[in-house]
Amino acid sequence: MPVEVTWWGHATATVRDSGVAVLTDPLLVRRLAHLRRRRGALPPPRATLADVVLISHLHADHLHLGSLARLAAGTRVVLPRGAVRAVPGLRRLAPPLDLVEVGPGDEVAVGPVTVRAVPAAHDGRRLPVGRHAAPALGYVVEGEARTYFAGDTGLFDGMAEAVGRVDTALLPVGGWGPFLGEGHLDPGRAAEALARLRPHSAVPVHYGTYWPVGMDAVRPHEFHSPGAEFVRLAARSAPEVEVHLLGHGESVRLEAAK
C-alpha cells in the first residue's frame, strides 16, 4: 500500500500510512501575528481529520494553539517533553485533546503505525519570552514505509544515525522571513541533509506560504525560490533521490523502497 503525502503549506502536511492519518505542525490560519499567508488556499476542514498530530517544537508557527483547537475531541497530539509547562495555553486543550509528551528515542503506537521522536538542531523555547525550553524534535512515522518529518532543524552531527533508514523525507528548505538564522535548513543545507539521509524520495516543505506583512519587496526570492532551488541542488548532491515539488494542497503517492 503506497504512502500518501499532502502538503498544506509551511510545515503542515498529512502523511497517510496503513490507514492512519498523521498531521504535522498544523497552521491553519490566514494570519499569525506579523505573518500573512501569501500563497495557497487555507487547508480545508478535512485537513484537521487526523489520528495523530505531531508537533516538532514550540514556536508559534509550529505549535499554534488556535489550529490545535480545531482538531476533533480525542485526537492524540504528540509534543516535545516539557511543552505543557512551557505553553500554559495547552492546558485548556487537554481534554478534549490527548496530549502525549516525548523526547528523542521515545515511540508512540497509533494503530499499525509507530511514531519515533528523533533529535533536531533548533531553538526549543516558546519565543519571544518563553522561560522554559523543550527539545525540538523530528519524527519518523513507520508503517508500510518510513517517513521522516524533520520539523525545523539545522544539520547536526549524527543526523543520519539518529534518523535511521527512511523511505521519504519531508525537509524544511526555507522559512517565513528574508533571513534564516541558526538551526534552519536552506536549499543547500537541505540538499546536504538529503545526501546524508539517502531516502528514496523527498518533499520540500516550510517555504513559500507565510511572509511578513509589508516585506513583499525585501529579498522576495527567499520566499519564492527555495523549493525549486532545493530540487536543483538535490539533483547534484543526491541524484538517486526522487524529489516531489508539491503545490499547496497537492498530494503524492509514494511506494516504499524495495
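## Briefing on strands, buried charges and salt bridges

In strand E10, Val113 is the bridge partner of Val110. The model is predicted, so that local features are reported only at pLDDT of at least 70 and side-chain atom pairs only at pLDDT 80 or more, whereas totals for chains, interfaces and linings use all residues. Residues are numbered from 1 along each chain as its sequence is written, and side-chain values use heavy atoms, with hydrogens and water left out. Helices (H or I, at least four residues) and strands (E, at least two) are DSSP runs numbered from the N terminus, and two strands pair if DSSP finds at least two bridges between them.

**Sheets and strand pairing**

- Strand E9 (residues 107–110) and strand E10 (residues 113–119) pair in the antiparallel sense over four bridges; in their hairpin, which has two residues between the strands, Gly111 takes a positive phi near 60°.
- Side chains alternate along E9, where Val108 and Val110 point to one face and are buried, while Glu107 and Ala109 point to the other and are not; buried here means under 20% relative accessible area, exposed over 50%, and partly exposed in between (1.4 Å probe, protein chains only).
- An open sheet of seven strands has the order E8-E7-E6-E3-E2-E1-E17, with mixed pairing. Strand E8 (98–102) and E17 stand at its edges with a single partner strand each, so one side of each is left without a neighbour in the sheet.
- At the E17 edge, four bridges join E17 to strand E1 (residues 3–9), and the two run antiparallel; Glu4 has Arg253 as its bridge partner in E17, and Thr6 stands opposite Ser251.
- E17 (residues 251–254) also alternates, with Val252 and Leu254 buried on one face, while Ser251 and Arg253 point to the other and are not buried.
- A further open sheet, of three strands, has the order E4-E5-E15 with antiparallel pairing. Strand E4 (31–32) and strand E15 (210–212) form its edges, each with a single partner strand, so one side of each lacks a neighbour in the sheet.
- E4 and E5 pair over two bridges in the antiparallel sense, and the bridge partner of Arg31 in E5 is Arg36.

**Buried charged residues without a salt bridge**

- Arg37, in strand E5 (residues 35–37), is buried yet has no salt bridge, and the nearest side chain of opposite charge, that of Asp61, is 11 Å away. For this purpose Lys and Arg count as positive and Asp and Glu as negative, while His and the chain ends are not counted.
- The side chain of Arg37 does reach backbone oxygens, that of Trp8 at 2.6 Å and that of Gly40, which lies 2.9 Å from a polar atom of the side chain.
- Asp152, in the loop between E12 and H3, is likewise buried without a salt bridge, the nearest side chain of opposite charge being Arg189 at 9.2 Å.
- A polar contact of 3.3 Å joins the side chains of Asp152 and His206; such a contact is a pair of N or O atoms within 3.5 Å, where within protein one must be able to donate a hydrogen and the other to accept it, and residues adjacent in sequence count only if both atoms are side-chain atoms.
- Leaving aside neighbours within four places in sequence, Asp152 is in contact (heavy atoms within 4.5 Å) with residues including His57, His62, His122 and His184.

**Salt bridges**

- With a salt bridge taken as a side-chain nitrogen of Lys or Arg within 4 Å of a carboxyl oxygen of Asp or Glu, the count comes to nine.
- Asp106 and Arg81 form one, with their closest N and O atoms 2.6 Å apart; the pair links distant parts of the chain, 25 residues apart, namely the loop between E8 and E9 for Asp106 and the loop between strand E7 (76–80) and helix H2 (83–86) for Arg81.
- Asp106 is partly exposed at a relative accessible area of 26%, as is Arg81 at 45%.
- Asp186 and Arg189 meet in a salt bridge at 3.4 Å, N to O.
- Arg232 forms a salt bridge with Glu229, the closest N and O atoms being 2.6 Å apart; being three residues apart in helix H6, Arg232 and Glu229 are separated by about one helical turn.
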